[in-house]
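Please look over the chain shown here. The report below goes through its domains, its pockets and a few of its residues.

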Amino acid sequence: MKIYEKAPAKINLMLDVLHKREDGYHEVEMIMTMVDLADRLEMSTLPRDTIIISSQAGYIPLDEKNLAFQAARLIKDRYNVSKGVYIHLDKNIPVAAGLAGGSSDAAATLRGLNRLWELDIPVEELKALGAELGSDVPFCVTGGTALATGRGEKLTPLPNPPQCWVVLAKLPINVSTAEVYGRLRSSRITHHPSANTMIEAIESGSFSSVCEGLGNVLEDVTLQLHPEVAHLKEAMLKLGADGVLMSGSGPTVFGLVSKESKVSRIYNGLRGFCKEVYAVRLLTRG
Ligand code: ATP
């Protein structure tokens, strides 16, 4: 039997860092939502006690460094599953881009193996397993839109934001999440975006308020390291995006666009100097 799981990319509508904790993690406040740009995972049971990962993408690890591998091993160990699994990752989300591609693959693996092996693990337990793999994994287990606090693992579900187009663009530069957090001095942050303002914007269904409330304190660090990301933001705004922000630690920049008629202009304008551009919809629930 083969089963399939979709692993969508996430964007941060706001990301604030409150302070660095004693355990070395940062205390964050983030509002995350998903977009319709997704990896696809195919999973099937192997009779041998082994985990095999394959992918058409030549640039991700296929061994125990792969987050899907780690998710499969965690579930096998914790629930004493002696069967093996073959996982094919059809990778569409840009890697190391601030879109949580690896975390979403790990979450999809947890959901998929729960179904494939009929383990009946409740969703809260899947999220707790996910937290062992990475701070963004619990959110990716359920998706939707949520406020994430703590190191990102404490989740409060939120309603769908107003539907819109999302244009994503990633320059060919590598940003290390660890380096960005390492360079951030939380005491020197001058402007903290407000989670409450964004929650009110979402709850009121006001697209313009969502655009106004966008904010990410990691932008200062990444834009200083890579000024071309700032240029990309400016270009997106000039081309007509209603609100523009860097996702996570970058380098992907996304633009929210309400009118479909503007999307192709922005997409084509960006394609002139950026190879990786995507125009997708928000992935709303229900
Ligand atoms: P986040 O937004 O959670 O910080 P990201 O989008 O910046 O994540 P990922 O695409 O998850 O970053 O990749 C980060 C690193 O993880 C890469 O260097 C990659 O080699 C490794 N990795 C491990 N497993 C995967 C996977 N399944 N897909 C993509 N990258 C993976």
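What follows is a short report on a predicted model.

## Domains

The domain assignment splits the protein chain into domain 1 (2-157) and domain 2 (165-281). Their centres, taken over C-alpha atoms, are 23 Å apart. The contact takes 27 residues from domain 1 and 33 residues from domain 2.

UniProt carries two domain annotations, both from an unreviewed entry. "GHMP kinase N-terminal" covers residues 66-144. That stretch is 57% helix and 9% strand, and its end C-alpha atoms lie 24 Å apart. "GHMP kinase C-terminal" is listed for residues 198-274. Here the chain is 61% helix and 14% strand, with 29 Å between the end C-alpha atoms.

## The largest pocket

The largest pocket has a volume of about 1100 Å³. It is lined by 44 residues, and Leu67, Ala100, Ser103, Asp136 and Thr177 are the closest to its centre. Five elements each give two or more residues to the lining: strand E1 (2-20), strand E2 (26-46), helix H1 (67-78), helix H2 (101-116) and helix H5 (177-183).

Both domains take part. Domain 1 (2-157) and domain 2 (165-281) each supply at least three residues of the lining. By type, the lining holds 23 nonpolar, 15 polar and six charged residues.

## Annotated active-site residues

Which residues does UniProt list for "active site"? The unreviewed entry gives Lys10 and Asp136. They are spread over 127 residues of sequence, yet they cluster in space, with a largest C-alpha distance of 9.2 Å. The lining of the largest pocket includes both Lys10 and Asp136.

Lys10 sits in strand E1. Is Lys10 buried or exposed? Its relative accessible area is 4%, so Lys10 counts as buried, the cut-off being under 20%. Beyond its neighbours within four places in sequence, Lys10 is in contact with Met32, Thr33, Met34, Gly98, Leu99, Ala100, Asp136, Phe139, Ser247 and Gly248. Asp136, the other residue listed for "active site", is thus among the contacts of Lys10.

## The second largest pocket and the cavity

The second largest pocket has a volume of about 190 Å³. Its lining is made up of Arg183, Leu184, Arg185, Arg188, Ile189, Val217, Asp220, Val221, Gln224 and Leu225. Helix H8 (residues 218-225) gives the largest share, four residues. Five of the lining residues are nonpolar, one is polar and four are charged.

There is one cavity of 30 Å³ or more. The largest cavity has a volume of about 40 Å³. Leu13, Pro161, Pro162, Cys164, Phe207, Val210, Leu256 and Leu282 line it. The lining divides into eight nonpolar residues, no polar and no charged.

## Backbone exceptions

Most residues other than glycine have a negative phi, and most peptide bonds are trans. Ala100 has a positive phi, near 60 degrees. It is found in the loop between strand E4 (84-90) and H2. With a relative accessible area of 13%, Ala100 is buried. Ala100 is also one of the residues closest to the centre of the largest pocket, and it is in contact with Lys10.

Glu118 also has a positive phi, near 45 degrees. It lies in the loop between H2 and helix H3 (123-133). Glu118 is exposed, at 69% relative accessible area. The peptide bond that joins Gly250 and Pro251 is cis, with omega about 5 degrees. Pro251 is found in the loop between strand E9 (243-246) and strand E10 (253-257).

## Leu171 and its surroundings

Where does Leu171 lie? It is in the loop between strand E7 (165-170) and H5. Leu171 counts as buried, at 8% relative accessibility. Leaving aside its neighbours within four places in sequence, Leu171 is in contact with Glu228, Val229, Leu232, Pro251 and Cys274. Pro251, the partner of Gly250 in the cis peptide bond, is one of these contacts.

Leu171 and Arg285 are 114 residues apart in sequence. In space they are 30 Å apart, C-alpha to C-alpha.

Notes:
Residues numbered from 1 in each chain as written. Predicted model: local features only at pLDDT ≥ 70, side-chain atom pairs only at ≥ 80, totals over all residues. Heavy atoms only, no water. 1 Å grid on protein atoms, 1.4 Å probe; cavity = no way out; pocket = protein on both sides within 12 Å on 5 of 7 lines; lining within 4 Å. Points joined across faces, edges and corners; volume = space filled by probe spheres on them. Nonpolar A, V, L, I, M, F, W, Y, C, P; charged D, E, K, R; others polar. Domains from an automatic or database assignment. UniProt positions renumbered as here; feature names shortened; annotations may be inferred. Buried < 20%, exposed > 50% of the residue type's maximum accessible area, 1.4 Å probe, protein only. Contact = heavy atoms within 4.5 Å.
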